[in-house]
Amino acid sequence: MDGQLSSSLSSSTVPGILQSSSAILQSTSAIVQSPVRAAALTAPAPGAAPGPQTPPPIRTRRFGIAVRITLGLSVMALLVVLIGGVSMSSFRLFRAEVTVLSTNTLPEVITSAELHGSLQKLVAQLPQLAAANSTPQRRSIYDGLVTELDSMQLLVARMRGLMKDNHGDGHGDGDGKERDGNVRLLEQTRSTLLILAATVADLNAEVTRQIDYGDRQAEAARALGRLATSMESMPETGAWAARIGALMARAAGAMQLDHLSRLKGEARAVERTLAELARLSSGAPDPTGQMISTVQEELFSLLVAPGGMFESAIDRLQARNRAQALTGQAQVLVETVERSTGALYDSIRDQSAERTDALAELIAERTRTVMMLAGASILLAVGVYFIFRRFLSSRLVAMNRAVLARLSGNRPVAGGAGGTVPVPVDGDDEITDIGASIRYFIDEIDRRQQALADNERRFRDLVEGSIQGIIIHRDFHALYANDSFAAMLGLTVAEVMALPSLLSIVAVEARQSMIDNYDHLLEGGQTTPRRRIRACRPDGAELWVELTGRRVDWMDGPAVQAVVVDVTREVEAENALRQSRDAAERALGELKATQASLIQAEKMASLGQLVAGVAHEVNTPIGITITGASQLQALIGELSDRHTANALKKSDFQRFLSDGMEMANLILSNSTRAANLVQSFKLVAVDQSSDERRAFLLRDYIDELLRSLHPTYKARTALTIDIDCPADLELDGYPGALSQILTNLIMNALVHALDPEQPGCIAIAARVIDGDMVELSIADDGAGIAPEVLPKVFDPFFTTRRGAGGSGLGLHIVYNLVTGRLHGTIGVESRPGDGTRFTLRFPRVTAAA
């Protein structure tokens with residue numbers, strides 16, 4: 001063990017040595033600063049060793065260990081703070097530059113690149129718009145151009161917003177001048193784009209006219225072809241037909257001309273030819289003249305009339321020439337935009353490159369600074385290490401060797417005379433004080449060991465005289481026993497020590513648990529809780545003892561110490577108390593059985609009352625049905641006799657039909673009434689007797705129950721029962737329990753609350769609350785319940801009509817059914833004269849029993 005301790009101490013780090021030194025200094029200071037308390041704590045008992053030596057005083061140092069450590073750590077902390085400040089400053093500058101690049105420069109570069117890309121799409125689509133030859137193609141190209149122009153306008157607006165937000169971010173006059181130049185280029189681009197948008201709109205209008213005029217020209221050409229085809233089928237066409245054919249061919253050839261002046265000349269030549277045909281038709285005889293006149297009019301309408309083929313061709317050529325001019329103008333504008341956006345992109349890219357280079361230079365500069373400070377910190381740490389090792393750790397290691405030598409039995413001294421390990425006392429700092437304190441503590445330990453031996457003797461005397469039995473054993477062989485333990489067994493201490501095994505005085509059924517507890521104590525070493533066992537004296541008498549065991553080291557080995565207390569009288573008293581409790585529990589069980597039988601009898605009495613009422617109610621419709629059936633039988637017999645005697649008259653048959661229909665209606669209505677009543681009674685009675693679980697509609701079930709209970713209150717003509725329940729409210733539970741609850745509450749209101757001679761009302765209301773809970777209330781406007789009676793209404797056998805046949809179990813049954821079968825709650829509200837309200841809350845789907 002000494003070798004392990006020496007290895008552990010010699011391998012300790014400087015912080016661990018510092019902590020140990022600080023603890024020793026604190027202890028020494030406490031002893032020196034509180035001499036009265038130290039003297040009190042170390043004062044020897046009578047007969048003990050002499051008192052302690054006076055502790056060495058602590059001298060004040062000008063430049064001690066604490067000052068050196070504080071100075072070294074302060075310099076290191078200063079360097080760490082300096083490195084942290086430079087790092088934080090560098091990080092803030094770096095983050096600011098990155099923020100400028102990410103929020104200012106980079107969006108400007110991306111936006112300018114997108115603007116340049118949109119311009120390239122615009123350049124590619126402009127010639128396509130001028131060359132469009134159909135309306136769908138023209139519309140598609142124009143929509144694309146408008147989209148690109150709108151996109152460019154948005155990009156320009158975004159760029160203006162970025163430049164406006166970043167107006168104050170420049171680092172110098174050069175940066176401000178470049179940004180002003182960028183703003184001018186951006187304004188030039190924006191104004192050029194506006195002009196370009198107007199030019200593209202004009203170009204689209206001209207292309208639209210060109211396509212429209214081309215369609216008209218094509219339609220006129222097709223009509224001219226149809227006219228030529230119809231002339232070929234004309235009979236007896238002369239020279240005029242050939243002249244007209246030449247005119248058509250000339251017109252068709254003129255449509256291919258791209259020169260506007262030549263096309264207008266051809267139009268005038270065709271007009272002259274048509275005028276000659278008009279004169280020819282006026283001099284030719286009919287029908288030839290008429291035919292020539294018709295053809296001439298059609299040709300005039302197709303060729304030279306307003307909207308004709310020549311006018312459409314002229315308008316088309318004019319629209320094409322204007323479109324070509326607008327295309328050229330648009331290309332010039334596009335080139336202007338391209339130059340300005342290119343210059344803007346180059347300027348922004350150059351600014352981004354400058355910021356990136358500046359950021360890289362900043363990172364390199366701050367990195368060099370941090371590396372220099374880190375190198376200085378490392379050098380300082382190495383210097384502090386060697387200083388601590390020279391003035392602190394080496395002296396503490398020497399002190400550690402002296403302490404280990406004391407543990408091995410050698411007493412350390414100041415000079416190390418006699419072959420002992422010396423305690424280092426050189427120097428003028430706190431370690432010198434620690435050495436003096438160690439010598440003081442070693443002397444104090446010797447003194448206290450002597451005092452401990454004296455205390456052990458006094459403790460032994462105390463144990464010997466204890467009124468509790470104390471036994472120490474190993475494998476149940478007694479190693480020590482005091483007089484109290486021997487007296488419990490009626491033996492002497494010598495006789496206890498001579499017992500072959502302590503298990504011989506323990507009851508047979510408790511021996512295995514004693515062995516298990518012994519093994520548990522030796523393995524775990526923790527004190528076992530107090531437990532009670534039955535023991536036997538050698539003379540055969542029994543006694544009960546309580547014992548607590550713990551593991552101790554006795555005679556160079558583990559053993560078990562037990563503290564034993566005689567509790568025989570307490571056990572006898574507990575047995576008597578237990579017998580009294582068993583008798584009380586049996587009486588309580590008999591009382592509960594009696595109560596259950598009374599509750600069952602009350603339920604059967606309620607069902608019997610329901611049966612009697614229904615039976616009385618059913619007798620009336622059944623009697624009427626029997627009377628009607630016998631009367632109908634007599635009418636049929638009378639009609640049969642008249643028919644047999646051939647004396648049947650029409651009036652007799654009609655009277656039979658009238659009386660028979662009346663008897664049949666009477667039989668049917670009363671039979672239906674009896675069937676409904678029996679069905680309702682069957683449903684309610686079966687539910688109350690079987691107590692099965694099923695799903696049912698609450699409103700329908702309440703109606704069935706009231707129909708079954710109607711015989712009990714039909715004589716009360718002034719009574720009204722109101723039901724407020726949703727028709728679709730479905731429950732999944734035990735209808736028998738609910739029927740018993742409603743029956744008892746309604747009968748309770750009829751018997752206790754409402755006067756049979758006075759008007760009264762019972763209100764039954766149900767609704768769904770809190771998701772899947774049902775609230776059912778039964779209220780009356782009767783006499784109410786007195787305040788002193790209200791808290792007792794659910795108690796068993798409590799009734800205010802004890803002399804009138806009340807059992808006091810009705811509301812108790814209701815409470816048990818609501819809280820037990822329905823898993824719900826029930827409450828009651830009442831004031832004398834204002835009626836009573838019972839409120840039930842239970843789950844819509846009752847949990848399985």
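**Exercise 1. Contacts of Thr568**

Task: In this predicted model, find which residues Thr568 is in contact with, leaving aside its neighbours within four places in sequence.

Solution:
- Start by placing the residue: Thr568 belongs to helix 15, which covers residues 568-644.
- Next, check its accessibility. The relative accessible area of Thr568 is 17%, and buried means under 20%, so Thr568 is buried.
- Finally, set aside the neighbours within four places in sequence; Thr568 is then in contact with Leu543 and Trp544.

**Exercise 2. Classifying a ring pair**

Task: How many aromatic pairs does a search of the whole structure find, and how are the rings of Tyr480 and Trp554 arranged?

Solution:
- The search of the whole structure gives five aromatic pairs.
- For the rings of Tyr480 and Trp554, the centres are 6.0 Å apart and the planes are at 45°.
- Planes under 30 degrees apart would count as stacked and those over 60 as edge-to-face, so the pair of Tyr480 and Trp554 is tilted.
- Now look at where the partners sit. Tyr480 is in strand 2 (residues 477-481), while Trp554 is in the loop between strand 4 (542-553) and strand 5 (558-566). They are 74 residues apart, and the pair links distant parts of the chain.
- As for accessibility, Tyr480 has a relative value of 10% and counts as buried.

**Exercise 3. A second pair and its cluster**

Task: Describe the pair of Phe794 and Tyr815, and say which residues form one aromatic cluster with them.

Solution:
- The ring centres of Phe794 and Tyr815 lie 5.5 Å apart with the planes at 40°, so this pair is tilted.
- Phe794 is in the loop between strand 10 (773-780) and helix 19 (810-821), and Tyr815 is in helix 19; the pair therefore ties together parts 21 residues apart in sequence.
- Is each partner buried or partly exposed? Phe794, at 16% relative accessibility, counts as buried, whereas Tyr815, at 34%, counts as partly exposed.
- Add Phe838, and you have the cluster: Phe794, Tyr815 and Phe838 form one aromatic cluster.
- A charge over a ring is also worth a look: the charged end of Arg821 sits over the ring of Tyr734, at 4.6 Å from the ring centre.

**Exercise 4. Taking the largest core apart**

Task: Which residues of the largest nonpolar core touch the most other members, and which element supplies the largest share of this core?

Solution:
- The core has 46 residues, and Leu698, Ile762, Leu776 and Leu840 touch the most other members.
- Among the elements that each supply at least two residues are helix 17 (698-713), strand 9 (760-769) and strand 12 (836-843).
- The largest share, 10 residues, comes from helix 18.
- Take Leu776 as a worked case: beyond its neighbours within four places in sequence, its contacts include Leu738, Leu742, Ile764, Phe838 and Leu840.
- Apart from this core lies another one, of 31 residues, with Leu193, Leu196, Leu203 and Leu333 among them.

**Exercise 5. Positive phi in a loop**

Task: What are the phi values of Asp475 and Phe476, and how does accessibility class each residue?

Solution:
- Asp475 has a positive phi of about 55°, although it is not a glycine.
- For Phe476, also a residue other than glycine, phi is positive and near 65°.
- Asp475 is located in the loop between strand 1 (469-474) and strand 2, and Phe476 is found in the loop between strand 1 and strand 2.
- With a relative accessible area of 47%, Asp475 is partly exposed; Phe476, at 7%, counts as buried.

Key
Residues are numbered from 1 along each chain as its sequence is written. This is a predicted model: local features need pLDDT of at least 70, side-chain atom pairs count only at pLDDT 80 or more; totals for chains, interfaces and linings use all residues. Side-chain values use heavy atoms; hydrogens and water are left out. Rings of Phe, Tyr and Trp (its six-membered ring) pair if their centres lie within 6.5 Å; planes under 30 degrees apart count as stacked, over 60 as edge-to-face and the rest as tilted. Helices (H or I, at least four residues) and strands (E, at least two) are DSSP runs, numbered from the N terminus. Buried means under 20% relative accessible area, exposed over 50%, partly exposed in between (1.4 Å probe, protein chains only). A charge sits over a ring if NZ of Lys or CZ of Arg is within 6 Å of the ring centre and within 35 degrees of the ring normal. Contact means heavy atoms within 4.5 Å. A nonpolar core is a set of buried Ala, Val, Leu, Ile, Met, Phe, Trp, Tyr and Cys residues joined through side-chain atoms within 4.5 Å.
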